[in-house]
Amino acid sequence: DEFNQKNCRVLYEDKENRIWVGTYHDGLYCIEHGKVRSYDYPDTDYQNELDFSNIRVMVEDPSGRLWVSIYGGVGLFNPENGQIKLLSEQFPELKKYKVANALAIDDRSRLVVGSDNGLYIYDPAKNTIWISEQDGQANSIFNQGSMKYNQILKDHEGTLWFATQYGLNVLTHHGQSYTLGKEEGLSQAILNVVEDKNHDIWIST
C-alpha cells in the first residue's frame with residue numbers, strides 16, 4: 001500500500017541490496033529486509049528553483065556514495081538523514097543543468113551527469129568539475145551545443161554509451177569516441193540503452 005497512487009520514476013538496487021524508489025513529487029523510499037523507509041521532502045512546483053521531492057535518477061559510486069538527481073540539480077544523498085547536498089552549492093555554474101535524467105560512474109570513479117541541456121563530470125577525488133561545453137574540442141562528441149541526454153550506460157568493458165536526442169554517442173575505455181546515427185540505421189533520438197547478460201547492447205528509440 002506504500003506506493004499506491006505514487007508516480008515511481010526510478011528503481012535502483014545498491015551494493016547492500018537495498019531497493020531505492022524515486023518518485024515524482026513524493027520523495028524517496030528505501031526497501032530493506034522487507035521494511036520501507038520514506039524520505040519526505042517539501043513538494044514544490046516548477047516555479048521554484050529546486051524540488052527535492054522530484055527524484056529523477058540515482059547511482060552508487062565505488063565508495064558507496066549515493067548520488068541523486070532532483071529537479072534543480074544533482075547531489076550527494078545521506079541515507080542517515082535524507083539530506084541531499086547539491087553540487088551546485090559548491091559549483092554555481094552547474095545551476096543551469098536543472099534536469100538530469102542520466103547518471104553513471106566511469107572507470108575513474110567520476111560521476112558523469114547527462115542533463116536536458118548538456119553534460120558534465122564531477123571527480124570526487126579531486127573535487128573538480130569538467131563541463132563539456134567549456135572544453136573547446138571542436139571534434140568532440142560532447143561539443144554539440146545544448147544536447148539532451150536521456151540515458152548513460154557503462155558496459156562491462158567500461159565503455160560509455162550516451163543516448164541523446166542526436167543519436168548514440170560512444171566513448172570507449174581506450175578514450176576513442178564516435179557517434180552512431182542515421183547512417184548506422186538508428187533514428188535521431190535515442191531514449192535508452194542497456195546491456196544484457198550476453199553483453200549485447202539494446203537500444204530503444
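Two strands are said to pair if DSSP finds at least two bridges between them, and strands themselves are DSSP runs (E, at least two residues) numbered from the N terminus.

The structure used in these exercises is a predicted model, in which local features need pLDDT of at least 70 and side-chain atom pairs count only at pLDDT 80 or more, while totals for chains, interfaces and linings use all residues. Residues are numbered from 1 along each chain as its sequence is written, and side-chain values use heavy atoms, with hydrogens and water left out.

**Exercise 1**

Describe the open sheet that contains β1, and explain why one side of β1 and of β4 is left without a neighbour in the sheet.

*Solution.* Begin with the order, which is β1-β2-β3-β4 in an open sheet of 4 strands with antiparallel pairing. Next look at the edges, where β1 (8-13) and β4 (35-39) stand, each with a single partner strand, so one side of each has no neighbour in the sheet. From one strand to the next the twist averages 20 degrees, where axes are lines fitted to C-alpha atoms and angles run from 0 to 180 degrees between N-to-C directions. Finally, go down to one pair: β1 and β2 (residues 19-23) are joined in the antiparallel sense over 5 bridges, and the bridge partner of V10 in β2 is G22.

**Exercise 2**

Follow the chain from β5 through β6 to β7, and state which residues take a positive phi in the two hairpins.

*Solution.* First, β5 and β6 pair in the antiparallel sense over 6 bridges, with W67 in β6 as the bridge partner of V59. The hairpin formed by β5 and β6 has 5 residues between the strands, and G64 in the turn has a positive phi of about 85 degrees. Second, β6 is joined to β7 by 5 bridges, and these two strands run antiparallel; here the bridge partner of I70 is G73 in β7. The hairpin of β6 and β7 has 1 residue between the strands, and G72 takes a positive phi near 125 degrees. As a last step, consider how covered β6 (residues 66-71) is: 6 of its 6 residues are buried, which is to say under 20% relative accessible area with a 1.4 Å probe and protein chains only.

**Exercise 3**

Classify the aromatic pair of Y39 and F77 by its geometry, and find the cluster that holds both residues.

*Solution.* Start from the rule: rings of Phe, Tyr and Trp (its six-membered ring) pair if their centres lie within 6.5 Å, with planes under 30 degrees apart counted as stacked, over 60 as edge-to-face and the rest as tilted. By this rule the count comes to 8 aromatic pairs. For Y39 and F77 the centres are 5.1 Å apart and the planes stand at 80 degrees, which makes the pair edge-to-face. This pair links distant parts of the chain, since Y39 lies in β4 and F77 in β7 (residues 73-77), 38 residues apart. Both Y39 and F77 are buried, and together with W20 they form one aromatic cluster.

**Exercise 4**

Describe the open sheet that begins with β13, and name its edge strands.

*Solution.* The order is β13-β14-β15-β16, again an open sheet of 4 strands with antiparallel pairing. The edge strands are β13 and β16 (177-180), each of which pairs on one side only. As a closing step, β15 (residues 167-171) and β16 pair in the antiparallel sense over 4 bridges, and L168 stands opposite L180 in β16.

Technical notes
Buried means under 20% relative accessible area, exposed over 50%, partly exposed in between (1.4 Å probe, protein chains only).
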